[in-house]
Amino acid sequence: MLSSILTRPLTLPNLLVCLVAALILGALTAMIFLYRSRHSASFALALALLPMTVAVIIMLVNGNVGTGVAVAGAFGLVRFRSVPGTAREIAAIFTAMALGLALGMGYVGMAVIFFLLVAAFTLILTAVNFGGLSRTEKQLRISLPEDFCYEGLFDDVFAKYTSRVNLERVRTTNMGTLLELTYHVELPGGSIPQEFINELRTRNGNLTIIIGDVAEKDML
């Protein structure tokens, strides 16, 4: 079961078994890693096709694993030259490459076992939100006129509506006429009370207030 099914020269039946297995495992890998995560359709398609592509490369280099991994790695990392990838996406690509490597060498049983373990582990950790943020954690952005003293300005409001607050950064906007304060806050229950927004507006001159989920890129 764990031995290679490929022989030299390659036979059509064995080639088709490896390529079909690569397509199936690639599609399932895309479904597993993109579950409950934001992604583009193009990335999902690329991830599904990557195992078969790597498998063909390994077959074409006649079993020279070093050359095959170098070429496949170059293809796999092209995405990240222009669009920054999350750690989850990088893990997905390396998993797909590992599947393609195994299938390119004919180890179908090993590829299936590896996929099942990775899939189970990924789904379990995703279900328990392992290492993720609590739903009660939010990012709050408040705009202020540049001549406002922001230190302690919202302390009583935060004490009333939040269980934890941290000022992450202060920056100038609108040609230096405004300040933008970015806070990481924790709201009991995870809901955003209207009264909380109203009281902040009375302190910042009714300028822009934005509150929402913490972006994943802000946590890297």
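**Exercise 1.** Determine in which hand α1 passes α4, and how the two helices are oriented.

*Solution.* In this predicted model, α1 passes α4 in a right-handed crossing, a crossing being right-handed if the near helix is turned clockwise from the far one by less than a right angle, and left-handed if anticlockwise. Next, take the geometry: helix α1 (residues 12-33) and helix α4 (residues 87-104) pack at about 165°, with their axes 10 Å apart. The angle makes α1 roughly antiparallel to α4, a label that applies over 145 degrees on a scale from 0 to 180 degrees between N-to-C directions.

**Exercise 2.** List the residues through which α1 meets α4, and classify them.

*Solution.* From α1 come Cys18, Ala21, Ala22, Leu25, Thr29, Ile32 and Phe33, which meet Arg88, Ala91, Ala92, Thr95, Leu99 and Leu103 in α4, where contact means heavy atoms within 4.5 Å. Sorted by class, this contact holds ten nonpolar, two polar and one charged residues.

**Exercise 3.** Describe the packing of α1 with α2.

*Solution.* Helix α2 (residues 41-60) packs with α1 at an angle of about 150°, their axes being 7 Å apart. This makes α1 roughly antiparallel to α2, and the crossing is right-handed. The residues of this contact divide into 16 nonpolar, two polar and no charged.

**Exercise 4.** Assess the confidence of the model by pLDDT.

*Solution.* The protein chain averages a pLDDT (confidence per residue, from 0 to 100) of 82, and 84% of the residues score at least 70. Among its elements, helix α3 (residues 65-76) has the lowest mean, 61, and strand β3 (residues 178-186) the highest, 92. Where pLDDT is low, the predicted coordinates should not be read in detail.

Residues are numbered from 1 along each chain as its sequence is written, and side-chain values use heavy atoms, with hydrogens and water left out. Local features need pLDDT of at least 70 and side-chain atom pairs count only at 80 or more, whereas totals for chains, interfaces and linings use all residues.

How values were computed: Helix = DSSP H or I, 4+ residues; strand = E, 2+ residues; numbered from the N terminus. Parallel < 35°, antiparallel > 145°, perpendicular 65-115°, else oblique. Nonpolar A, V, L, I, M, F, W, Y, C, P; charged D, E, K, R; others polar. pLDDT = per-residue confidence, 0-100.
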